[in-house]
Amino acid sequence: MHHVTKVHFGPLLAEVRTKVDSKRPLLRYLVDKREGLRNIHPKELLSSDFSCLHSPYSLPDLSDAVELILSFAKAGKKILLYGDRDSDGVSSTCLLAFFLKSHKEFSNINLEVMVSSESDPYGLCKEALVKIKKVKPDLLVTLDFGSSQADEIEELTNTGIQVIVLDHHEVPVRIPTNCALVNPRRTDSIYPEKKICTAVLSFKLVSAILFRLSDEYGRVYVKTEVEEGSEKTSLVYFRNGIKIKEESLLSFSLDEKSIRPYPEDFVTPIPVDTERKLFFYQCSQIPDFFSSLEEETDLAGIGTITDMMPLIGENRHFVKLALNSLTKLYAGDKKRKGLSELLKELKLSPQGVTTKDLGWSIGPVLNSAGRMGKTEEAVSLLLSETATDAKTKAKQLLSINEERKERTKRNMDRVERYFARKPERTTKEIVFCYEPDMEPGVSGIVATRMVDTYKKPAIFLAPDNGDARGSIRSYDKENVLELLESLSHHFLHFGGHPEAGGFSIQIDKIPAFEAELYDAAGKWLAQDKERENTHSIETDFTVLTEEMGERLLKEWKDLEPFGQGNPDIKLAIRNAKAIHLTPLSGGKHVRFHLIGSGSLKYMIWNKGEEFQKFMSGHGSFDLVGSLEENFYQGRTTLQFIVEWFGIAAENSTQSN
């Protein structure tokens, strides 16, 4: 609610319905506004199936990774999967492990699964290297880290361990040698998507293994294409779902009879490009291919949401496929015992699993284990083999999540007291908080809430096993890794994404780090020429109170899933008047109704007291927020979540 200096009000619904020539004018208007959606074929926008997915074989080193796993599994050599502790790391590790443990091709596999614990620094730290060497694997697969750790990987390969890295983090100039580095961010990657999570990479590896085991693997197809702007034709060749150069055919030792014609008459339910169409066609020729993969979408979708990947392109399809699969799982139609019992314990709506469930229920519970130093509990649940065992472990995981919530609450109370004593620290370019009594494991959550409160990049530090662990979160479009790089001489380790990073530091070095931080942050932010000094809110529509309701929500339901890159629809209401105001949680939150919008509930979280104070001096007000369905105690209701309230001039405001 704080620091908003400008509100841009979207058009009235009536204006859009009048001006936009479409059977569904509101949906058409929203799609055209969103860069990641506007050029998608309408059928691909509204539906998702396996034809929408790209061939995994365009990922760098993916073929090498497949051959390594098949050969080591067949030879009975030890394979170690080592994943990161966050939800994406756990999801990607368990997705691959579940497949390898359950597929008949790997019935005799010598497989071990490990994940990092909260006490370990990120990635292949010295503690991780000790654990790996103790296991003595012949093949190591790291999941969700490894791209930036060339020295450590080469230390392992020098001992005779083969290494596969599945990772989606930034790739440095120097990458590991003598290993299969499967990362879409590599400069030599021809994969159409760059921002996909590691759980999706695990899915890609699994689908590539299934394809490799089929007769379709290695087959070459040829298509005659007419060159644009002329009548000339050319031959285009494909292998494993990707285009190849004609000269590369020589290396395959093929004669003309073995090259198959492109299946021109094959029709996909959703119109897609030639490469995706061919790969889908080839996969459809493989018995049980899609039924084997359907369940694998579950964890790929969870990883996509929890790692905040942009919900456009392929990510959008993975989440939609995951929601369909999880809904079947919830209804008892699937074999994943652990995930099934977790859904039951969470008491989600029987009408179907939603994106909100992934981001606010399932994901945080899986993440909580890593935050509380008990990552193995999440892995153990997801790999459970009996319903009884899974039910017990699901309850344990929910208990761990409750502990995480309490720890977060205690830390937030300390943060509030910290800044109440030292308000001058909130005036800096970046807000920083460290005290010796802070508790570890939830630094990312606390840093995010600091950003929400102070509308600036934020760093939160807490003591952890003799050192300190910190998280940094961006406020706008700043790349936090650039700031961490400039201060890296203070750290034991650091890493992360442009929007969110983490680091470890010796406690006695914290004062020197903080002393240098503010000047470094000033220079860092000054380099961003486009950074605005004001915080503005852009709304999609301005809505009359009587227009609010389920009918309106259905107008853009097909735009789901909402998230990064495809945000929820933001609505503005002008000159609203509140009635039936009800304080909740001692006034921390508040629920109310608006005159004219019937029984629809409006909710304000964490700013209840401010709203009541504001209401005492104003008869009417403007507000911004989103409509959403809420399932609670067996009932689904519609509510409006308020993001901002205040008195706004046209396209500008003084905030509250």
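Of the 656 residues in this chain, 54% are buried, where buried means under 20% relative accessible area. Keep in mind that you're looking at a predicted model. What's left open to the outside adds up to an accessible surface of about 29,700 Å², and carbon and sulfur atoms account for 48% of that surface.

Now step back and take in the whole chain. It's built from 21 helices and 24 strands. Its radius of gyration is 26 Å, close to the 26 Å that the globule rule gives for 656 residues, so the chain is as compact as a globular protein of that length. If you boxed up the C-alpha atoms along the principal axes, you'd need roughly 85 × 65 × 55 Å.

How do the pieces of the chain meet? Take the contacts between residues at least 6 apart in sequence: 66% of them join residues at least 24 apart. As for charge, the chain carries 86 positive and 97 negative charges, and the mean positions of the two sets sit 4 Å apart.

Let's zoom in on one helix, α9, which runs over residues 274–284. Just ahead of the helix, Asp273 caps the N-terminal end, with a side-chain oxygen 3.2 Å from the backbone nitrogen of Glu275. Further along, the buried residues of α9 are Arg276, Lys277, Leu278, Phe279, Phe280, Gln282 and Cys283. So what covers them? The cover includes the helices α3 (42–46), α8 (198–212) and α10 (289–294), along with the strands β7 (220–226) and β8 (233–239).

Note on methods: Residues numbered from 1 in each chain as written. Predicted model: local features only at pLDDT ≥ 70, side-chain atom pairs only at ≥ 80, totals over all residues. Heavy atoms only, no water. Buried < 20%, exposed > 50% of the residue type's maximum accessible area, 1.4 Å probe, protein only. Helix = DSSP H or I, 4+ residues; strand = E, 2+ residues; numbered from the N terminus. Contact = heavy atoms within 4.5 Å. Polar contact = N/O pair within 3.5 Å; in protein donor to acceptor, adjacent residues only side chain to side chain. Rg over C-alpha atoms; globule rule 2.2 N^0.38 Å. Areas by Shrake-Rupley, 256 points an atom, 1.4 Å probe, with all protein chains shown as cover. Lys, Arg positive; Asp, Glu negative; His and termini not counted. Charge placed at Lys NZ, Arg CZ, Asp CG, Glu CD.
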